[in-house]
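Here are some short exercises to work through with the model open beside you. Try each task before reading on to its solution.

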Amino acid sequence: MAIQRPKGTQDLLPGTIEQWQYLEETIRSVCRDFGYEEIRTPIFEATELFQRGVGQTTDIVKKEMYTFLDKGDRSMTLRPEGTASVCRAYVENKLYGQPLPVKLYYIGPMFRYERPQSGRFRQFHQFGVEVLGADQPLVDAEVISLVWNLYQRLGLAGLEVHLNSVGCPTCRATHREQLQKFLTPKKAELCDDCQERFERNPLRILDCKNPNCQAVTEGAPTTLDTLCPDCGAHFEKVLSLLREAGVAYRTNPRLVRGLDYYTKTAFEVMVEEIGAQSAICGGGRYDGLVQEIEGPATPGIGFAMGLERVLAALQVQGKFSERRSKPFAMLIALGDKAQNEGFSLVSALRARGIPVSMDLLGRSLKAQLKMANREGAEFALILGEEELERGVLLLRDLTSGDQIEVPVNEAVEVVCMKQQRGV
Ligand code: HAM
């Protein structure tokens, strides 16, 4: 059998790639408007970065990483997410020496060995934002309103922003204690994974999809119940700023993110229409992460959105018109000599920035005209042996069918003028 692409990966082909380009361009323009600069980090990193950054007890680190030994026996991992890498780059390149906060964004592939299904891939793409060096609630609100602004520009509807605060290490310790106390009498009813989580990371039990565990945790204390005064005030301020910005949110005390680095604000954006994998964006504050990877104490906040899921939502909501690029003109050459002259014309038009294409397979006039129509060209420049002898070509308007003769040495100017006039 012929070799196939790895499970959970995709070939992004012409026809769809235009949608990706449109999405990426819109993202870049929003980031420019909000004053965020692009960062590109390596696709693979030392495995230890994710073990320490994302957390040893997370599904990502325990089950989902593409880890390999390189030829120098170093353990490397294809990045499963971007935050740890950005923090590493911030420390390694001493970006903290710049005026703070440092506002960065990235777009690129991430890798997780997950069970592929609709909306869930092993290689997927994230657009992410990270702000380092600012602990004010205003930053949380700015980051979330950037997400909101992007969705508005894309015309996405039916979005739900879910917000929670998971608190700081102090209020988390109180919550952990209260949650374990609540769950102890019902511990035996929890699924195997949650039994294990009970000691290592009980907060994740609140997020378990198993209906039994969901019933058991009904009425369990949430992190919002145990926030310390500082975290409580921070959360209230974020909510009031989001109201000012017109962001439609709802607080969801059961929102628990799957990565260990979060503190205070945590959020996700959902769109129901795209199926079970409805989270198109997730993020939050991570005030301890930079220190965790041995950088200077630096607060941070960010998010990442899955571009495959954003595109799926745009498709379901019919937000894409035909975006495939079309040639303005198609040069149709018949015969060897005409091909030479035609190639020279095409080169001259391209040098002037006119999108023009030419048959590369020596097809018949009929086949070439068919191709011009299929590609959506507005004009055909027809150059046969007979026209060539007379020093002219036929300029045919493919919409009206009107046709005129144009001297070959004036053809470039005539086509340029037509394009400028938007004909
Ligand atoms: P995450 O929630 O693991 O967070 O991923 C963010 C988004 O990436 C998800 O909401 C989803 O849209 C998309 N995504 C995740 N896994 C897959 C997959 N297997 N297939 C398709 N899409 C997927 C993070 O990655 C954090 N680094 C976000 C962050 C940045 N927090 C602070 N800064």
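A residue counts as near the ligand if one of its heavy atoms lies within 4 Å of it. Keep in mind that this is a predicted model.

**Exercise 1.** Find how many residues surround the ligand, and which are the closest.

*Solution.* Start with the count: 26 residues surround the ligand. Next, pick out the closest, which are E81, T83, E114, E130 and Y262. Then sort the shell by type: 11 residues are nonpolar, eight polar and seven charged. Finally, turn to the strands: β6 (123-132), β10 (279-285) and β11 (300-306) each supply at least two residues of the shell, and β10 gives the most, with six.

**Exercise 2.** Locate polar atoms of E114, R257 and F303 that pair with the ligand.

*Solution.* Begin at E114, where a polar side-chain atom lies 2.6 Å from a nitrogen atom of the ligand. Move to R257: one of its polar side-chain atoms is 2.9 Å from a ligand oxygen atom. At F303, look to the backbone instead, where a polar atom is 3.3 Å from a nitrogen atom of the ligand. As a last step, consider cover: the protein hides 95% of the 660 Å² of accessible area that the ligand has on its own.

**Exercise 3.** Trace the largest nonpolar core and the contacts of Y151.

*Solution.* This core has 54 residues, and Y151 and F303 are among those touching the most other members. Helix α5 (residues 137-154) gives the most to this core, with 10 residues. Now follow Y151 beyond its neighbours within four places in sequence: its contacts are L156, L159, V269, I280, C281, M305 and V310. Lastly, look for a second, separate core of 46 residues, which includes I60, V61, C213 and A220.

Key: Residues are numbered from 1 along each chain as its sequence is written. This is a predicted model: local features need pLDDT of at least 70, side-chain atom pairs count only at pLDDT 80 or more; totals for chains, interfaces and linings use all residues. Side-chain values use heavy atoms; hydrogens and water are left out. A polar contact is a pair of N or O atoms within 3.5 Å; within protein, one must be able to donate a hydrogen and the other to accept it, and residues adjacent in sequence count only if both atoms are side-chain atoms. Accessible areas come from the Shrake-Rupley method with a 1.4 Å probe; for residues, only the protein chains shown count as cover. Helices (H or I, at least four residues) and strands (E, at least two) are DSSP runs, numbered from the N terminus. Ala, Val, Leu, Ile, Met, Phe, Trp, Tyr, Cys and Pro count as nonpolar, Asp, Glu, Lys and Arg as charged, and the others, Gly among them, as polar. A nonpolar core is a set of buried Ala, Val, Leu, Ile, Met, Phe, Trp, Tyr and Cys residues joined through side-chain atoms within 4.5 Å. Buried means under 20% relative accessible area, exposed over 50%, partly exposed in between (1.4 Å probe, protein chains only). Contact means heavy atoms within 4.5 Å.
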